[in-house]
Amino acid sequence: MTDQELIAPELPEQKDPTISGHKSGWYKVARSEDIASMKAIQVDDFPTQIVVWRGEDLALRGLDLYCKHMGASLACGEVNENSIQCPFHAWRWAGNGQCDQISYAKKIPTKAITRSWDVIEDGGIVYVWFDKDQKLADPNGQKFN
Ligand code: FES
């Protein structure tokens with residue numbers, strides 16, 4: 001089986017964030033208290049659907065919601081160390097978008113990478129960076145509530 005056969009060519013209803021019309025900036029997606037350690041949430045109020053989770057190091061990370069393997073919702077998965085493990089076939093995804101573990105496979109497909117999102121906390125609020133041109137997150141960028 002090739003790498004391409006292992007990766008779903010299309011994801012279920014993953015919205016294209018580049019056509020959302022949102023300005024560049026940090027978007028409030030949750031309160032810090034909404035995301036406990038080792039827990040994940042689904043965020044729909046954003047230019048695309050994402051999963052945000054808190055790892056065992058207590059840092060927050062975010063990825064596109066739908067697993068690049070066969071499209072399961074990663075928000076239904078489990079946080080494993082600092083990564084999120086898909087509920088369907090247990091591919092584990094790191095915060096940088098790389099699949100970092102497939103427990104039953106000898107190698108990880110080279111195309112097993114997904115889009116990651118920068119996440120910060122400020123004053124008890126969780127923000128995710130968005131820029132339609134994928135410019136790097138600006139720590140001093142505008143915040144939207
Ligand atoms: S859908 Fe198969 S590992 Fe996610």
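Okay, let's start with a strand pair: S3 and S4 run antiparallel to each other, joined over five bridges. One pairing to look at there is Arg54, which stands opposite Leu60 in S4. Keep in mind that this is a predicted model.

Now zoom out a bit. S3 and S4 belong to an open sheet of four strands, in the order S2-S3-S4-S9, and the pairing is antiparallel. At the edges you have S2 and strand S9, residues 116–117, each pairing on one side only.

There's another sheet to talk about. This one is also open, with four strands in the order S10-S11-S1-S12, and here the pairing is mixed. Which strands stand at the edges of it? Those are S10, residues 119–122, and S12, residues 143–144; each has a single partner strand, so one side of each is left without a neighbour in the sheet.

So where does the mixed pairing show up? Look at S1, residues 25–31. With S11, S1 pairs in the antiparallel sense, over six bridges. If you want a place to click, Arg31 has Ile125 in S11 as its bridge partner. With S12, S1 pairs in the parallel sense, over two bridges. On that side, Trp26 is bridged to Lys143, and Tyr27 is bridged to Phe144.

Okay, on to the core. In soluble globular proteins, nonpolar side chains tend to be buried together. In our model, the largest nonpolar core has 32 residues, and the ones with the most contacts inside it are Ile50, Val51, Val52, Leu74 and Val128. Which elements give two or more residues to this core? They are S1, S2 at 40–43, S3 at 50–54, S4 at 60–64 and S11 at 125–130. The largest share, five residues, comes from S11.

Last stop, Val52, one of those residues with the most contacts inside the core. What does Val52 touch, if you leave out residues up to four places away in sequence? The list is Val29, Ala30, Ile35, Ala40, Ile41, Val43, Leu60, Gly62, Val119, Val126 and Val128. You'll recognise a couple of names: Leu60 is the residue standing opposite Arg54, and Val128 is also among those with the most contacts inside the core.

That's the tour, so let's open it up for discussion.

Notes. Residues numbered from 1 in each chain as written. Predicted model: local features only at pLDDT ≥ 70, side-chain atom pairs only at ≥ 80, totals over all residues. Pairing = 2+ DSSP bridges. Core = buried A, V, L, I, M, F, W, Y, C linked by C-beta atoms within 7 Å. Buried ≥ 20, exposed ≤ 12 C-beta atoms within 10 Å, placed from the backbone. Contact = placed C-beta atoms within 7 Å.
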